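Got the viewer open? Here is a short tour, one selection at a time.

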Amino acid sequence: MEKAMQTNQLPPFIDYLLSKKSVDDRALNLRVWNQFAESLQKRAAVNERLEILEVGGGIGTMLARLLENKALPNCCYTLVDTNAENIAYAQIYLENWAAKAGCRFERVSDGKFRLMQAQRQMEIETICGDIFPLLAAQPAAWDTMIAHAVLDLFHLPSALPRLLDALQPGGLFYTTINYDGLTIFEPPLLPDFETQILARYNQTMDERHTDGLLSGDSRAGRHLFGELQQHGVEILAAGSSDWVIYANNSGYAHNEGVFLQHLLNFIETEMRRQPDIDAGLLERWIATRRQQIAGGELFCIVHQMDYLGMLRALP
Ligand SMILES: C[S@@+](CC[C@H](N)C(=O)[O-])C[C@H]1O[C@@H](n2cnc3c(N)ncnc32)[C@H](O)[C@@H]1O
């Protein structure tokens with residue numbers, strides 16, 4: 001039986017993450033993904049049980065995706081997220097996922113469970129907390145680190161060394177859906193105004209502060225290429241992972257109109273805080289874009305990048 005938390009009661013951010021799953025499934029760069037999956041299998045052949053850490057894992061959709069694609073070997077998979085609602089929902093989401101997928105799910109203790117799939121066993125732990133203090137106490141602890149749709153929320157030059165210190169030399173770093181500064185909506189609508197608000201939206205990412213420190217990079221996608229190498233990571237694969245959302249005669253796939261509504265909500269909320277953005281034009285722009293979603297006319301592209309890297313072993 002489906003576990004509680006009905007879709008209509010979900011907090012908006014969880015609803016957004018759920019609606020993002022199919023958009024990300026389609027967007028992830030397949031070549032980078034395949035190389036990651038192959039690398040995991042090779043490492044599993046020499047390591048009895050891999051220690052995998054997911055940073056900012058949300059409600060567990062990346063873990064579900066890895067399981068759906070049978071990409072995980074025997075492993076301990078730790079998912080960390082600061083948001084308590086996400087972590088609480090992750091356990092429900094993954095238990096429901098396992099029931100649908102015919103995968104055995106065993107609760108071990110609070111926040112810990114076991115998933116059995118084919119001949120493989122995954123020990124899962126979900127932790128609610130800030131990744132940085134948590135990792136500071138665990139140097140070189142992890143064999144593999146995954147950061148999906150999260151690094152663009154951090155200040156890369158200071159966040160990357162703190163993340164990478166927790167990775168074993170030779171460890172894998174797989175980071176996906178890193179925003180790279182370009183959001184496109186079609187058909188054209190109030191083009192000058194739209195250019196202004198989308199540029200401002202990027203700017204708000206770049207100027208965001210967390211605990212008094214800069215956090216966020218609207219061009220994380222391109223910056224990661226240099227930043228990763230500067231911090232000792234050899235790039236094994238790189239490629240784009242653009243979101244491409246459109247409707248056909250049957251509407252948006254997987255109800256992705258909901259995802260587009262969330263995207264517009266994020267932009268609207270941010271723009272309402274900007275005193276120099278014309279409120280009347282914003283109202284018109286949002287209302288028309290929402291109607292376009294209802295009519296299946298809105299087409300959206302968001303440019304993002306994926307990387308697979310390996311932390312160089314010390315000489
Ligand atoms: C855009 S969401 C992506 C979630 C998930 N990776 C997905 O794609 O479904 C970013 C997530 O990172 C989490 N997060 C942000 N800063 C964090 C930190 N310092 N430590 C742990 N999690 C963090 C947020 O709570 C949020 O769930």
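Before the first stop, one term: two residues are in contact if their C-beta atoms, placed from the backbone, lie within 7 Å. With that in hand, take the contacts in the protein between residues at least 6 apart in sequence: 81% of them join residues at least 24 apart. Keep in mind throughout that this is a predicted model.

**The whole chain**

Start with everything shown as a cartoon. You should find ten helices and 14 strands. The radius of gyration is 20 Å, close to the 20 Å that the globule rule gives for 315 residues, so the protein is as compact as a globular protein of that length. Along the principal axes, the C-alpha atoms fill a box of roughly 60 × 50 × 35 Å. If you colour by burial, 37% of the 315 residues count as buried.

**The ligand**

Now centre on the ligand and bring up what surrounds it. The shell holds 19 residues, and the closest are G56, G58, N83, I131 and A149. Which elements give two or more residues to that shell? They are α1 (12-27), α3 (61-68), β2 (75-81) and α5 (131-136). Colour the shell by residue class and you get eight nonpolar, eight polar and three charged residues.

**Where two helices cross**

Next, select residues 191-207, which are helix α7, and residues 257-272, which are helix α9. Their axes are 10 Å apart and the helices pack at an angle of about 80 degrees. Angles of 65 to 115 degrees count as roughly perpendicular, and α7 and α9 are therefore roughly perpendicular to each other. Show side chains at the crossing: α7 brings I197, R200, Y201 and T204, while α9 brings I267, E270 and M271. This contact divides into four nonpolar residues, one polar and two charged.

Step back to the loop between β7 (167-186) and α7, and pick P187 there. Look at the peptide bond joining E186 and P187: this bond is cis, with omega about 0 degrees.

**Two positive phi angles**

Stay with the backbone and select I177, in strand β7. I177 is not a glycine, yet its phi is positive, about 50 degrees. Is I177 buried or exposed? I177 has 25 C-beta neighbours inside 10 Å, so I177 counts as buried; the cut-off for buried is 20 or more.

Then jump to A140, in the loop between α5 and β6 (142-148). A140 is not a glycine either, and has a positive phi of about 50 degrees. Around A140 there are 13 C-beta neighbours inside 10 Å, so A140 counts as partly exposed.

**Into strand β6**

From that loop, go on to I146, which sits in strand β6. I146 has 23 C-beta neighbours inside 10 Å and therefore counts as buried. What does I146 touch, not counting residues up to four places away in sequence? Select I52, E54, V55, M62 and Y174 to see these partners. While you are here, run a distance from I146 to L163: they are 17 residues apart along the chain, and their C-alpha atoms are separated by 10 Å.

**Around β3 and β4**

For the next view, pick G102, in the loop between α4 (84-101) and β3 (104-109). G102 has 7 C-beta neighbours inside 10 Å, so G102 counts as exposed. Draw a line from G102 to Q117, 15 residues apart along the chain, and the C-alpha atoms turn out to be separated by 8.3 Å.

Now select M116, in strand β4 (residues 112-117). M116 has 13 C-beta neighbours inside 10 Å and so counts as partly exposed. Leaving aside neighbours within four places in sequence, the contacts of M116 are C103, R104 and Q121.

**Last stop**

Keep M116 selected and add F299. How far apart are M116 and F299 in space, C-alpha to C-alpha? The distance is 39 Å, for two residues that are 183 apart in sequence.

Key:
Residues are numbered from 1 along each chain as its sequence is written. This is a predicted model: local features need pLDDT of at least 70, side-chain atom pairs count only at pLDDT 80 or more; totals for chains, interfaces and linings use all residues. Axes are lines fitted to C-alpha atoms, for helices over the stretch in contact, and angles run from 0 to 180 degrees between N-to-C directions. Helices (H or I, at least four residues) and strands (E, at least two) are DSSP runs, numbered from the N terminus. Angles under 35 degrees count as roughly parallel, over 145 as roughly antiparallel, 65 to 115 as roughly perpendicular and the rest as oblique. Ala, Val, Leu, Ile, Met, Phe, Trp, Tyr, Cys and Pro count as nonpolar, Asp, Glu, Lys and Arg as charged, and the others, Gly among them, as polar. A residue is near a molecule or strand if its C-beta atom, placed from the backbone, lies within 6 Å of it. The radius of gyration is taken over C-alpha atoms; the globule rule is 2.2 Å times the number of residues to the power 0.38. A residue is buried if 20 or more other C-beta atoms lie within 10 Å of its own, exposed if 12 or fewer, and partly exposed in between; C-beta atoms are placed from the backbone.
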